[in-house]
Amino acid sequence: LKMASQVTKKDLLFLYRRLLRSCETYPSKNRARIYQSIREDFRENKNLDPSAEETRKQIHVAFKGLEQLHQFDGRKMANFTVQLEQNPFRKPDNYEDKRTKRAEEIIEQ
């Protein structure tokens with residue numbers, strides 16, 4: 001979206017929709033209340049001048065809320081990986097379990 005000083009009503013509608021969509025996947029028992037709060041806030045402020053200082057502050061808060069909601073959706077988690085060592089705890093050489101010995105031989109190859 002554009003800088004807060006250049007925001008149009010169309011941009012605000014786009015922000016509103018993104019907030020509502022992000023809220024749908026937010027993992028919280030308060031999700032319905034948050035969703036309703038977003039709707040109420042936008043309805044109460046729908047006639048404000050987008051270039052006014054107070055409106056710009058509220059737009060900034062809305063963007064911060066969107067960032068927080070995105071922390072819990074799948075978009076940012078797609079690149080998340082965990083790498084573990086193949087065998088972090090090697091058994092001593094005198095360990096007699098045949099399955100463990102065979103598995104270690106395969107791993108070392």
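**Helix packing and the nonpolar core**

In this predicted model, the axes of helix 1 (residues 9–24) and helix 2 (residues 31–44) come within 9 Å and cross at roughly 170°. Because angles over 145 degrees count as roughly antiparallel, helix 1 and helix 2 are described as roughly antiparallel to each other. On the side of helix 1, the contact is made by L12, L15, Y16, L19, L20, C23 and E24, and on the side of helix 2 by R31, I34, Y35, I38, R39 and F42. Sorted by class, the residues of this contact comprise 10 nonpolar and three charged residues, with no polar ones.

The two helices belong to a protein chain whose secondary structure comes to five helices and zero strands, so that, with helices alone assigned as DSSP runs, the order of elements from the N terminus reads α-α-α-α-α. Of the 109 residues in the protein chain, 19% are buried. Among the contacts with a separation of 6 or more, 48% are accounted for by residues 24 or more positions apart.

The contact between helix 1 and helix 2 contains one aromatic pair, formed by Y16 and F42, and the count for the model comes to one such pair. The ring centres of Y16 and F42 lie 4.9 Å apart and their planes stand at 50°, so the pair is classed as tilted. The pair links distant parts of the chain, with Y16 in helix 1 and F42 in helix 2, 26 residues apart. The two partners fall into separate accessibility classes: Y16 counts as buried, at 17% relative accessibility, whereas F42, with a relative accessible area of 23%, is partly exposed, the limit for burial being under 20%.

Y16 is also a member of the largest nonpolar core, which has 12 residues in all and is made up of V7, L12, L15, Y16, L19, L20, C23, I38, I59, A62, L66 and L69. Two or more residues of this core are given by helix 1 and by helix 3 (53–70), and the largest share, six residues, comes from helix 1. I59, one of the core residues, is in contact with V7, L12, L15 and P50 when its neighbours within four places in sequence are left aside; of these partners, V7, L12 and L15 are likewise listed in the core.

A further link between helix 1 and the region of L66 to H70 involves R18, a residue that lies in helix 1 and counts as partly exposed at 26% relative accessibility. Not counting residues up to four places away in sequence, R18 touches L66 and H70, and L66 is itself a member of the largest nonpolar core. The C-alpha atoms of R18 and L69 are separated by 9.9 Å, although these residues are 51 residues apart along the chain.

Terms used: Residues are numbered from 1 along each chain as its sequence is written. This is a predicted model: local features need pLDDT of at least 70, side-chain atom pairs count only at pLDDT 80 or more; totals for chains, interfaces and linings use all residues. Side-chain values use heavy atoms; hydrogens and water are left out. Axes are lines fitted to C-alpha atoms, for helices over the stretch in contact, and angles run from 0 to 180 degrees between N-to-C directions. Helices (H or I, at least four residues) and strands (E, at least two) are DSSP runs, numbered from the N terminus. Angles under 35 degrees count as roughly parallel, over 145 as roughly antiparallel, 65 to 115 as roughly perpendicular and the rest as oblique. Contact means heavy atoms within 4.5 Å. Ala, Val, Leu, Ile, Met, Phe, Trp, Tyr, Cys and Pro count as nonpolar, Asp, Glu, Lys and Arg as charged, and the others, Gly among them, as polar. A nonpolar core is a set of buried Ala, Val, Leu, Ile, Met, Phe, Trp, Tyr and Cys residues joined through side-chain atoms within 4.5 Å. Buried means under 20% relative accessible area, exposed over 50%, partly exposed in between (1.4 Å probe, protein chains only). Rings of Phe, Tyr and Trp (its six-membered ring) pair if their centres lie within 6.5 Å; planes under 30 degrees apart count as stacked, over 60 as edge-to-face and the rest as tilted.
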